[in-house]
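Subject: Structure for your review

Dear colleague,

Please find below the structure that I am handing over to you. A short account of what was found in it follows.

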Amino acid sequence: MGVTAQAVEQLGDITLVDLPAVGSQVVAHKRFGDIESVKAVSELFAPLSGEVVEVNPAINDRPELVNDSPYTDGWMVRIRPSSPAELDALLDAAAYTKYLGELDH
């Protein structure tokens, strides 16, 4: 899990990412961490419920990885879903792009 390029664009330069520890439980649509930028501090919300099985150690020292590469090097956490059915409600890239286009109208 991480943030989208569109979210990074809105946030500006990322300066800090506060994430849960491995073994923590996250709940869909609930806050699981914070992301700080030069513009603001924003809450991070989980798209699905489950257990944090890995946290990206690189963004502790280099939070700018989220800006530079949100879909690859700037990932935040890996989650083992507790309810795989929640995956069906997630948007794929095409649906997300369409959704963003609808927001502009």
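**Polar contacts of two serines**

The backbone nitrogen of Asp-73 lies 3.1 Å from a polar atom of the Ser-69 side chain. Please note that this is a predicted model. Ser-69 itself sits in the loop that runs between helix H3 (65-68) and strand E6 (77-81). Its relative accessible area is 14%, and Ser-69 is therefore buried, the cut-off for that class being under 20%.

A second serine, Ser-49, also has a side chain with a polar atom close to a backbone nitrogen: that of Ala-28, at 2.8 Å. Ser-49 belongs to the loop between E4 and strand E5 (50-55). With a relative accessibility of 12%, Ser-49 counts as buried. When residues up to four places away in sequence are not counted, Ser-49 touches Val-26, Val-27 and Ala-28, together with Ile-79, Arg-80, Pro-81, Ser-82, Ser-83 and Glu-86. Ala-28 thus appears both in this list of contacts and as the partner in the 2.8 Å pair.

**Phe-45 in strand E4**

Phe-45 is part of strand E4, which spans residues 41-45. Is Phe-45 buried, partly exposed or exposed? Its relative accessible area is 48%, so Phe-45 is classed as partly exposed, a class that ends at 50%. Apart from its neighbours within four places in sequence, Phe-45 is in contact with His-29, Lys-30, Arg-31 and Phe-32. As for Arg-62, this residue is 17 residues from Phe-45 in sequence, and the C-alpha to C-alpha distance between the two is 21 Å.

**The largest pocket**

The largest pocket holds about 880 Å³ of space. It is lined by 27 residues, of which Gly-2, Val-3, Thr-4, Pro-47 and Tyr-96 are the closest to its centre. Two or more lining residues are given by each of helix H1 (5-11), E4, E6 and helix H4 (93-103). Which element supplies the largest share of the lining? That element is H4, with 5 residues. By residue class, the lining of the largest pocket is made up of 21 nonpolar, 4 polar and 2 charged residues.

Strand E4 therefore enters this account in two ways: it contains Phe-45, and it is among the elements that give two or more residues to the pocket lining.

With kind regards

Definitions and conventions. Residues numbered from 1 in each chain as written. Predicted model: local features only at pLDDT ≥ 70, side-chain atom pairs only at ≥ 80, totals over all residues. Heavy atoms only, no water. Helix = DSSP H or I, 4+ residues; strand = E, 2+ residues; numbered from the N terminus. Buried < 20%, exposed > 50% of the residue type's maximum accessible area, 1.4 Å probe, protein only. Polar contact = N/O pair within 3.5 Å; in protein donor to acceptor, adjacent residues only side chain to side chain. Contact = heavy atoms within 4.5 Å. 1 Å grid on protein atoms, 1.4 Å probe; cavity = no way out; pocket = protein on both sides within 12 Å on 5 of 7 lines; lining within 4 Å. Points joined across faces, edges and corners; volume = space filled by probe spheres on them. Nonpolar A, V, L, I, M, F, W, Y, C, P; charged D, E, K, R; others polar.
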